[in-house]
Amino acid sequence: RRIQRRATKLHAQISQHVDTGKAGGEGGIGGNLSVRADVTKNQNVSALGGAYEDGSAGAAAAASLSTSHATAAVNGMVNAEGGIIIAADSQATKNDTSASASAGSGAISGMLVGATNSVIDWMETKMKKTPDPRSGSSLTFKLSGAVAYADHDSFATAGIGDAAQVASQLETSSAPVQDGIRISADVTEVPEMSAISFVNSDTLEAKGGNTAENSISAAVVIGDYTNQAKAGIGKNAVVNAKNPITVTSKTYVPQDVPWNHFDSSTTMDVVESIGTYLKDSFNTNVGLQNHFFTSWSQSMAQGTITAVAGSVNVLDIHNTSQVLIDEGASVNQDAAYRSTMQDVKVTAVNETQSLNLSGLFGFANLKDFLAVAFPGKVNPTVTPTTGGVGGSGLYTGYDNQVTAEIKKDAKVH
C-alpha cells in the first residue's frame, strides 16, 4: 500500500504603492515589473504486490492526493516605465499513480523467477543437495486485486485586484516584454493512472508448479482531477498602457507520448531519453500503458474450474479556464496613453487529450488467444477453464468551462 498527500500554496502579491517611473513616462527609474507565482510538481506513487510462482494471493493499493495554489496579484498602485507581467503557473509534468498485483508468475516475472530458480537449482546440484521441487498440487483459490486512486486539484490565479491602479509607460515592445501589461494564468496537468491485476494459475504447470481450481482477479482505477486557471482585472480597477494589454488563461491536459520527452540536445541527453524509454517499456504490457495511455485498468484470471475477472476505470477531469474584466473596470481611458498599439486581448483556452482503457486480457496468454482463433493449429499453454465470468467498465467524464468576458459597466479602449 502506498499513499501520498501533498498541499502547496504559493502567493506573489503587491498590495501597496510601487512607482518605477514617473507619470507620463518622464524619466524616473526605468525597467520592467514581473510578479510571478510558479508551482512545479513531479509525482510518482506506485504500489506493487506479488505472490509469484506458487503464490495464492496478491494485492496492491496506491493513493495519491494533492492540492496546489499559485496566485500572482497586484492589489495596490503600480506605475512602471517598462512592461508589467503578472503570471501564475501550475505545472504537473509528471503525475503517475499505479498499482500492480499478481498471484502466480506472469510473462516477465515468470522469466525472472525461472532464471532465479535455474541458478538455485544449479547451485544445489553443485552442492549435491536435492532441490525442493514445487508440489504440483492444485490450490482451491487464487486471488489478486489492484486499486489506484488519485485526487488532484490545481489552481492558478493572476490578476489586478479591485480598485487597483496599474500603468505601463512602455513605448516600444522588445523581448522578453511584448505587451505593455500581460496577465496570465496557466495550469498544466499530465495524469497517468494504472491498475493491473493478474492471476496466472497454471503458467508453471509444465514445470511442476501449482495450479488453481478457482481464481478471481480485479483491477480498479479511480481518478479525479480539477484544474482551474483564472486571470482578470477587478472591479473599478484603473489600467492603462501604451502597448497591448493581454489577459489570458489556459488549462492544458495533454496525452503523454514518448516523443514529447525525447531530448536530442546532447549525446548524454539522447542516452538518458533512450534509457527512460526502455525503463518505461519493461512491464507487463511492454510499455503501451506508460507510453500512450492516460488511464489503464487491466485484469486477467486463470483457473482449471472457474475464473472471474473484472476491471473498472473511472476518470473525471474538471477544467475551468476563465478571463474576466469586471464591472466598473477602466481600461485605457486615460488620453495620455493613447497610441496605435493599444490592443486589448481577452482569451480563455482549454485543451484536453486523453486515451483510456479498461479490459480483461494478458499478453502472457497470447498463444491461448491464437489457439482459440486457430483450433488444432496452435496448442494452448493452459488447461481450459470449465466456466468463466468477466466484465469491464470504462467511464470518462470531462467538464470543461471556458469563459472570456467583459462585464457590463466596464470601459475598454
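A nonpolar core is here a set of buried Ala, Val, Leu, Ile, Met, Phe, Trp, Tyr and Cys residues that are joined through side-chain atoms within 4.5 Å.

**View 1. The largest nonpolar core of this predicted model, seen at its isoleucines.** The largest nonpolar core holds 35 residues, and those that touch the most other members are Ile84, Ile86, Ile160, Ile181, Ile183 and Ile233. Around Ile86, leaving aside residues up to four places away in sequence, the contacts are Val35, Ala72, Ala73, Val74, Ala158, Gly159, Ile160, Arg182, Ile183 and Ser184. A second core, separate from this one, has 17 residues, including Ala219, Val221, Leu315 and Ile317. As background to this view, 45% of the 413 residues of the protein count as buried, and its secondary structure consists of 4 helices and 19 strands.

**View 2. Strand S13 and its pairing with strand S17.** Because 7 of the 7 residues of S13 are buried, the strand is largely enclosed by the rest of the structure. Ser295, Ser297, Ser299 and Ala301 point one way from S13, whereas Trp296, Gln298 and Met300 point the other way, and all of them are buried. S13 pairs in the parallel sense with S17, which spans residues 356–360, over 5 bridges; within S17, Asn356 is the bridge partner of Ser295.

**View 3. The surroundings of Ser297 in strand S13.** Ser297, which lies in the strand formed by residues 295–301, has a relative accessible area of 0% and is therefore buried, the cut-off being under 20%. Not counting residues up to four places away in sequence, Ser297 touches Ala195, Ala219, Val220, Val221, Ser311, Val312, Asn313, Leu357, Ser358 and Gly359. In the protein as a whole, among contacts with a separation of 6 or more, 87% are made by residues 24 or more positions apart.

**View 4. The aromatic pair of Phe293 and Trp296.** The structure holds 1 aromatic pair. The ring centres of Phe293 and Trp296 are 4.9 Å apart and the ring planes stand at 80 degrees, so the pair is edge-to-face, for which the planes must be over 60 degrees apart. Phe293 has a relative accessible area of 16% and is buried, and Trp296, at 1% relative accessibility, also counts as buried.

**View 5. Lys250 over the ring of Tyr252.** Lys250 lies over the face of Tyr252, at 4.9 Å from the centre of the ring. For the protein as a whole, the exposed area is about 19800 Å², of which carbon and sulfur atoms supply 55%.

Conventions: Residues are numbered from 1 along each chain as its sequence is written. This is a predicted model: local features need pLDDT of at least 70, side-chain atom pairs count only at pLDDT 80 or more; totals for chains, interfaces and linings use all residues. Side-chain values use heavy atoms; hydrogens and water are left out. Helices (H or I, at least four residues) and strands (E, at least two) are DSSP runs, numbered from the N terminus. Buried means under 20% relative accessible area, exposed over 50%, partly exposed in between (1.4 Å probe, protein chains only). Contact means heavy atoms within 4.5 Å. Accessible areas come from the Shrake-Rupley method with a 1.4 Å probe; for residues, only the protein chains shown count as cover. Rings of Phe, Tyr and Trp (its six-membered ring) pair if their centres lie within 6.5 Å; planes under 30 degrees apart count as stacked, over 60 as edge-to-face and the rest as tilted. A charge sits over a ring if NZ of Lys or CZ of Arg is within 6 Å of the ring centre and within 35 degrees of the ring normal. Two strands pair if DSSP finds at least two bridges between them.
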